[in-house]
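Reader: I'm in my first year and still getting used to looking at models like this. Could you pick one part and take me through it closely?

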Amino acid sequence: MLKKVLIPTDGSENSLRAAEYTVKLLRLNPEIEVTVFNVVNVPRRFVARKLFWVAAERGKAAASIEELFEEERAEILNRTMAVLEKEGFTAATAYRKGNPAEEICEYARDGQFDLIVMGTRGASGIQEILIGSVSHKVLQMAPCPVILVK
């Protein structure tokens with residue numbers, strides 16, 4: 001029986017569709033516990049170049065670079081939660097920092113989730129071969145079944 005569902009989200013259209021899919025599951029069983037989850041992963045090249053300029057443009061409003069990521073994370077979680085709330089459902093939220101696939105799988109394992117429902121990014125075949133995709137890695141490493149939504 002399905003008791004706990006994890007929705008990893010990056011705020012993309014496909015991750016919002018994963019939340020919509022989860023709504024269908026909740027209609028079948030409103031007792032399912034849902035957690036909307038986000039992982040912050042800052043590539044070094046972004047930190048070295050762009051982040052400095054983004055913070056500089058904000059002046060004193062950008063007390064710390066971390067604040068910029070907190071704002072983005074909150075927006076992503078809120079946008080995904082809105083999909084569930086619009087249909088009258090609630091969910092917990094959580095986040096971590098690090099490698100997205102590893103953190104998603106570790107969180108699912110630690111929380112004893114029964115299912116992960118996540119969107120795919122739609123990377124091209126070449127892109128996926130070169131850099132891999134988070135959804136593909138989660139599919140390989142997850143401690144529970146995974147539903148991928150396009």
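Author: Let's take a close look at strand 4 and its neighbours. Keep in mind that this is a predicted model, where local features need pLDDT of at least 70, side-chain atom pairs count only at pLDDT 80 or more, and totals for chains, interfaces and linings use all residues. Residues are numbered from 1 along each chain as its sequence is written, and side-chain values use heavy atoms, with hydrogens and water left out.

First, the setting: the chain has six helices and five strands, in the order β-α-β-α-α-β-α-β-α-α-β from the N terminus. Those are DSSP runs, numbered from the N terminus: H or I with at least four residues for helices, E with at least two for strands.

Now zoom in. Strand 4 covers residues 115-119, and five of its five residues are buried, so the rest of the structure largely encloses it. Buried here means under 20% relative accessible area, with a 1.4 Å probe and protein chains only. For the chain, buried residues make up 41% of the 150 residues.

Which way do the side chains go? In a regular strand they alternate between the two faces of the sheet. Here Leu 115, Val 117 and Gly 119 point one way, Ile 116 and Met 118 point the other way, and all are buried.

Strand 4 also has partners; two strands pair if DSSP finds at least two bridges between them. Strand 1 (residues 4-8) runs parallel to strand 4 and is joined to it by two bridges, with Val 5 opposite Leu 115. Strand 5 (residues 146-149) pairs with strand 4 over four bridges, again in the parallel sense, and there Ile 147 is the bridge partner of Val 117.

Key
Buried means under 20% relative accessible area, exposed over 50%, partly exposed in between (1.4 Å probe, protein chains only).
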